[in-house]
Amino acid sequence: MRWTATAQQETRNRPGTDGALSRRALLRAGGGAGVLSALVCLGGTARPASAAPGTALSSGAPAVGGSTTSYPLAQHPGTAATAAPAPRGATTRSLHAGTALSVVRVEVAGGRMVGVTFPRGTAAESVAVRTRNGEGAWSAWSELPLNDNEADPGTLEADGRVAGSDPLWVGSQGALTTVEVRLPAADVAHAELHVVDPGHSPADALAATSGSTTGADTSEVLLRSTGAQSVDERVALAAPAIRTRAAWGADETLRKSSASYSSTLKAAVVHHTADPGTYTQAQVPAVIRGMYRYHTVTLGWADLGYNFVVDRFGGIWEGRAGGTTRPVVGAHAGGFNVDTFGVSMMGDYTSAAPSAACLESVAQVIAWKFSLHGINPTGTTQLTSAGGGTARYARGTTVTLRTVSAHRDVGYTACPGNVGFTRMDTIRTRVAQLAAGGAATASEVAAKYAAVGAGVLGSPTSDEGPAKIGGRYRHYGVGSIYFLPATGAHFVKGLIRDKWKAMGWEGSYLGFPTTDEVALPGGAFNHFQGGSIYFSPRTGAHAVRGLIRDKWASLGWETGFLGYPTTDENPLPGGAFTHFQGGSIYFSSRAGTHVVRGAIRDAWARQGWETGRLGYPTSDEYDVPGGKRSDFQGGSITWTPARGAVVSTR
């Protein structure tokens, strides 16, 4: 049974729908995050894709195995369709107007990551993929943008490039898996589905621990021209914990050339990987290995495109080989790879916000690299475009850019996502603070305390200090004030503060508070960037977020029949749930977000909850003659006074 809260594990975020939350208008200051579960796994049989011979550029490369399998779509069912309509609710906004679509079905074997390539190019800007395990339900469609990272024109790496989508992480393999690809009908004849198995590595077992770091030499001597002479400059900032390529299990035989270097560094470019799949902390090395194999074997690049990748738990990982302290030329921002380095946040931040831990690590690695190369984090620099298909500026054009720029500042791309792009000033502010030793203004916290008063928060119990991601905080006897430029200064106190503290303060998925504590009849709440904490004496303090919070809000929050939450959000394979006083809300990407309660919930629990033969709920409770019914993936439960709860399976 799930009547008590389990340990929190962060799941994928999706934005809340503030328009539906009018009773809590204060949410407009923050915006909620939600749950998006992993897609189903891949399995089946396959033909290995061809790849350039490995070069074994470094000795002692770990044997991780792995494979890449290609499936020409023209050889699979569904190719005869000339204008297959998109499934109901599917997103096709990225396809050019009037484009006839086909849906091609492919039986696959093995693998944990998929992508689609177009050897002859495509007029589409994205391609959609969904999966089904056995005879189960289909996953939601995932719209994958065409990969907008590339090497600079004129390089051998660029010459071998193949047009393809971004890869999608779908998790561990399953038997009898089917993949459907929705794409322009004109492209079916030459497009290919690629299924990537990242193999296994000892790094996988170590992923949830500290792992291996680069051990960057902070006494390394760098030379920088100053007038007519060179001056020795030692590293100004200590290196953050950066996990090596060996720590994610890089198969160095996949690299096709040695690293190339710029003569200097001038700027950082921030990306997201745009993968809408989800991953656990233990899966991070495998996800990076999958991207690496996809970039090299499938897209034809020399190495992983990014210089650094940062996972949603705050882990910093060495990307492209060549030395973390050196100005390695990547393949992350076509036309602007020289004199820049790329830092990519693992995830799709089009609609969801990067975690506070992820943003802090992005800022730390940028601040450290800037200190190595004498870059002003608040300044601008001039870069000359090498041109190319994704570059925003023509070859030879010199442009002035901020030293911390987003990919969309230099390329025709949405990267690092619409929400990710709104966090660029947050990153810049934090990089500048780190470069200056963490100094920041203290006036906002002090002003808030003056407005609230000691009667609410008590006397100060700590000095004011820097919080994560450019913020400030101070603790008081019964509460705390946290400030972030994007959210303002707000106080959190009592058991709500205790709950937030237990979750990791602003470093948790909740982020910073976006409201003060608000009193309710019989309880209180605070909204945060990534969700809310609600408290009542009977239920305690619990976190609610994303689509589950949206559903609860639509039913009247704590004044509705569900009452207050009695657990935090708990992740499940393929979904999540939160229990409330009057029932439960369950979410899965396949079945949606629905309420289960009363005798119907009791009967469902006896069947094994979502792991039983009924699976997840696909409807809320609704009226039938003489009683109530809820539908599930595998059947329904009907309740009447005469017969009680009766289970019907398909």
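Among contacts in the protein chain between residues at least 6 apart in sequence, what percentage join residues at least 24 apart? The figure is 65%, where a contact means heavy atoms within 4.5 Å.

This is a predicted model, in which local features need pLDDT of at least 70 and side-chain atom pairs count only at pLDDT 80 or more, while totals for chains, interfaces and linings use all residues. Residues are numbered from 1 along each chain as its sequence is written, and side-chain values use heavy atoms, with hydrogens and water left out.

Begin with the whole protein chain, coloured by secondary structure: there are 12 helices and 35 strands, taken as DSSP runs numbered from the N terminus (helices H or I, at least four residues; strands E, at least two). Of its 650 residues, 58% count as buried, a term that means under 20% relative accessible area with a 1.4 Å probe, protein chains only.

Next, select alanine 274, in the loop between β13 (267–272) and α4 (284–298), where phi is near 65°, a positive value in a residue other than glycine. Alanine 274 counts as buried because its relative accessibility is 6%.

Move on to proline 416, in the loop between β19 (404–406) and α6 (418–422), and display the peptide bond that leads into it from cysteine 415, which is cis, with omega near 10°.

Finish at tryptophan 557, in the loop between α11 (546–554) and β28 (570–572), whose phi near 55° is again positive in a residue other than glycine. With 1% relative accessibility, tryptophan 557 counts as buried. Most residues other than glycine have a negative phi, and most peptide bonds are trans.

Methods:
Buried means under 20% relative accessible area, exposed over 50%, partly exposed in between (1.4 Å probe, protein chains only).
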